[in-house]
Amino acid sequence: MLRHADPVICTPSLSHAYGNKIVHQGFEFEVNKGSVFGLLGKNGVGKSTLINILMGFIRPQSGECRIFGEPSCSLQPATRQRIALLYEGFITYDGMTVSQVERFFSAFYPRWKPQIFFELVALMDIAMTQRLATLSFGQKSQVILGLLLAQDAELLILDDYSMGLDAGYRALFIDYLKDYLHGTDKTVLMTSHIMSDLERLVDRITIIAGPGQIHHDSMECFCRE
């Protein structure tokens with residue numbers, strides 16, 4: 001595939017398996033600075049495994065995975081601070097109120113933008129005094145998305161961002177994300193199994209059908225096919 005200078009993410013000849021089950025075989029893709037990249041495929045084809053490799057939670061069995069030029073399995077703390085991760089099956093602090101969880105997270109991120117958090121929470125009509133345990137799954141997802149975007153990270157990795165959100169709120173979030181990214185050089189990697197949600201946002205896509213069954217394309221060209 002075409003190589004660009006200094007991609008934010010690249011995976012030369014990445015392969016991984018769980019025992020005899022091959023998940024990725026010679027998988028290559030790259031994400032360039034300032035782009036919005038969609039990683040698509042049915043559940044079980046290895047999207048979350050790739051996220052685990054990207055974040056250094058799993059070491060690939062062969063090949064490489066690099067983020068900001070560093071091996072993903074040994075990212076420097078300063079490099080990790082440049083990444084905001086929404087991970088499928090997120091953990092929340094259910095005993096806290098929405099206001100308390102915002103204050104708690106803000107202490108860890110020097111570039112924290114509270115107005116972004118408050119705007120996203122307001123889209124779901126959530127009271128700041130509500131405890132997370134009392135929220136619906138969709139409302140809780142929106143709070144987590146607010147915590148993610150408020151970090152003002154250079155690279156956003158959204159693993160199944162749509163979890164718990166109905167079609168209307170997914171569209172609302174996509175519109176918000178477009179406005180959030182406008183005029184910035186932030187980079188986004190999104191995994192999803194819902195193609196229609198990403199058509200208005202994503203620049204390039206990689207579709208995973210199975211080990212070694214990969215399709216790379218621009219969203220524009222793919223939608224014309």
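**A buried serine, a pocket and a one-sided helix**

Ser 72 is buried, with just 1% relative accessible area. Keep in mind that this is a predicted model. Besides that serine, we'll look at the second largest pocket and at helix 4, residues 114–123.

**Around Ser 72**
- You'll find Ser 72 in the loop that runs between strand 7 (70–71) and helix 2 (77–80).
- Its relative accessible area is 1%, and the cut-off for buried is under 20%, so Ser 72 counts as buried.
- The side chain of Ser 72 reaches the backbone oxygen of Ile 53 at 2.8 Å.
- Setting aside neighbours within four places in sequence, Ser 72 is in contact with several residues, including Ile 53, Leu 54, Met 55, Gly 56 and Arg 80.

**The second largest pocket**
- This pocket holds about 160 Å³ of space.
- It is lined by 16 residues, and the closest to its centre are Gly 44, Val 45, Gly 46, Lys 47 and Ser 48.
- Strand 3 (21–27), helix 1 (47–54) and strand 10 (187–192) each give two or more residues to the lining, with the largest share, 3 residues, coming from helix 1.
- By type, the lining splits into 8 polar, 5 charged and 3 nonpolar residues.

**Helix 4**
- Ile 116, Phe 117, Leu 120 and Val 121 are buried in helix 4.
- These four cover an arc of only 125° around the axis, so they sit on the same side of helix 4.
- In an α-helix there are 3.6 residues a turn, so residues three or four places apart point the same way.
- The buried residues of helix 4 pack against helix 3 (98–106), helix 5 (137–149) and helix 6 (167–181).
- After helix 4 comes Asp 125, with a positive phi near 55°.

Conventions. Residues numbered from 1 in each chain as written. Predicted model: local features only at pLDDT ≥ 70, side-chain atom pairs only at ≥ 80, totals over all residues. Heavy atoms only, no water. 1 Å grid on protein atoms, 1.4 Å probe; cavity = no way out; pocket = protein on both sides within 12 Å on 5 of 7 lines; lining within 4 Å. Points joined across faces, edges and corners; volume = space filled by probe spheres on them. Nonpolar A, V, L, I, M, F, W, Y, C, P; charged D, E, K, R; others polar. Buried < 20%, exposed > 50% of the residue type's maximum accessible area, 1.4 Å probe, protein only. Polar contact = N/O pair within 3.5 Å; in protein donor to acceptor, adjacent residues only side chain to side chain. Contact = heavy atoms within 4.5 Å. Arc of directions from axis to C-beta.
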